[in-house]
Amino acid sequence: MKLKPILGADFVALKLIVGRLSEGRVLWLLAAVMVLGTTSVRAAFNSIDVNFYASGFGGSTATGAAVVGSSSDTWNGIDGAVNSSGGPLALVDVASNSTPITLSYVSDGAVVSANSNIQPNASLMSDYLFANTNDNITVTLQNLAPNTAYNLYVYLSSNDASDSSRAAMVMANAVSAPATGDPQTSFIAGENYVLLTPTSDALGTINITVSPTDANSDGEVDLNGLQLTAVPVPPPTNLTIKIVSTNVSLTFPSISNETYDIQSTTNLVSVPWSTIASNLPGTGAIITNIDVGAAVVRQKFYRVGVQQ
């Protein structure tokens with residue numbers, strides 16, 4: 001039997017297993033490991049972009065991409081000149097969809113840098129929240145998925161800074177990273193932004209603090225905005241198939257706190273994939289699932305994916 005190529009899927013592993021049935025027929029089993037598009041919490045989570053601006057100085061809601069994103073992204077613009085602290089404020093995602101996620105913040109206000117902008121995405125990097133006299137800026141994100149890792153891009157550079165004069169340490173829950181706060185003509189990690197991967201707590205909260213470091217000579221820290229994205233979870237690296245009597249046994253390694261689906265089809269070209277097992281909880285150990293009666297068919301194809 002000649003198998004046709006599989007199109008339209010991001011396969012990371014492919015295994016062909018041949019088992020011979022008692023009647024002499026050959027059962028062809030194709031195990032395909034891939035990322036499935038499912039309706040889990042993270043499947044519904046699009047990136048969230050937030051910028052802080054100063055309307056009294058001509059600032060406005062940001063547009064376009066930063067380190068991540070695209071020109072069509074919707075930003076949540078927060079006027080820190082009108083309210084130096086506020087929240088909880090409801091956030092929308094980059095596609096303008098409402099989300100349950102809220103943001104609260106505390107600062108000393110917002111301004112536009114006195115010097116002309118030299119940085120990418122001027123609509124984001126020209127304005128910023130600030131905290132003076134060695135104080136901190138705090139931001140709290142709530143109603144995220146509990147105990148879930150996120151990529152967090154934090155932008156914290158003023159065009160008025162130089163030589164680490166506004167150097168800051170950014171902490172998000174238990175992870176932290178420093179930045180000089182100096183303006184750059186491109187986005188440079190550790191200079192005008194940092195990338196952290198914090199894990200939300202059991203209530204779905206991430207607490208962010210921007211505080212001055214010892215190198216900070218101005219006693220001021222700044223915060224232009226942030227981007228929050230989902231952390232892609234790798235699919236299982238292999239799927240093992242065994243014929244047990246008239247059943248098919250499927251086993252694959254799992255990751256704790258992840259959720260898996262198994263799909264099958266009898267024809268890769270003309271028969272759609274159907275889900276035979278869903279919402280299988282990952283434990284960090286091997287998951288075994290039995291497809292009852294599947295070994296009596298002449299051919300069957302399987303794929304397993306982690307919900308995103």
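Is threonine 205 buried or exposed, and what is its relative accessible area? In the predicted model examined here, threonine 205 is buried, because its relative accessible area of 9% falls under the 20% limit set for buried residues. Threonine 205 is situated in a loop, the one that links strand S13 (193-196) to strand S14 (206-212). When neighbours within four places in sequence are set aside, the contacts of threonine 205 are Thr140, Leu141, Gln142, Asn173 and Ser200.

The protein as a whole contains 1 helix and 22 strands. Of its 308 residues, 48% are classed as buried. The accessible surface of the protein amounts to about 13700 Å², and carbon and sulfur atoms account for 52% of that surface. Among contacts between residues at least 6 apart in sequence, 70% connect residues that are at least 24 apart.

The interior was then considered. In soluble globular proteins, nonpolar side chains tend to be buried together. In the present model, the largest nonpolar core comprises 35 residues, and the residues with the most contacts inside this core are Phe52, Leu103 and Ile208. Apart from neighbours within four places in sequence, phenylalanine 52 is in contact with Ile78, Leu103, Tyr105, Asp127, Tyr128, Leu129, Val139, Leu223, Asn224 and Gly225. A second core, separate from the largest one, consists of 16 residues, among them Leu239, Leu250, Ala294 and Ala295.

Several features of the backbone were also identified. Glycine 87 and proline 88 are joined by a cis peptide bond, for which omega is about 5°. Proline 88 belongs to strand S5, which spans residues 85-92.

Positive phi values occur at two residues described here, asparagine 147 and serine 245. For asparagine 147, which is not a glycine, phi is near 50°. Asparagine 147 occupies the loop between strand S9 (137-142) and strand S10 (150-155). With a relative accessible area of 48%, asparagine 147 is partly exposed, because this value lies between the 20% limit for buried residues and the 50% limit for exposed ones.

Serine 245, likewise not a glycine, has a phi of about 60°. Serine 245 is placed in the loop that runs between strand S17 (240-244) and strand S18 (247-253). Its relative accessibility is 63%, so serine 245 counts as exposed, the threshold for that class being over 50%. Threonine 205 is thus a buried loop residue, whereas serine 245 is an exposed one.

Key: Residues numbered from 1 in each chain as written. Predicted model: local features only at pLDDT ≥ 70, side-chain atom pairs only at ≥ 80, totals over all residues. Heavy atoms only, no water. Helix = DSSP H or I, 4+ residues; strand = E, 2+ residues; numbered from the N terminus. Buried < 20%, exposed > 50% of the residue type's maximum accessible area, 1.4 Å probe, protein only. Contact = heavy atoms within 4.5 Å. Core = buried A, V, L, I, M, F, W, Y, C linked by side-chain atoms within 4.5 Å. Areas by Shrake-Rupley, 256 points an atom, 1.4 Å probe, with all protein chains shown as cover.
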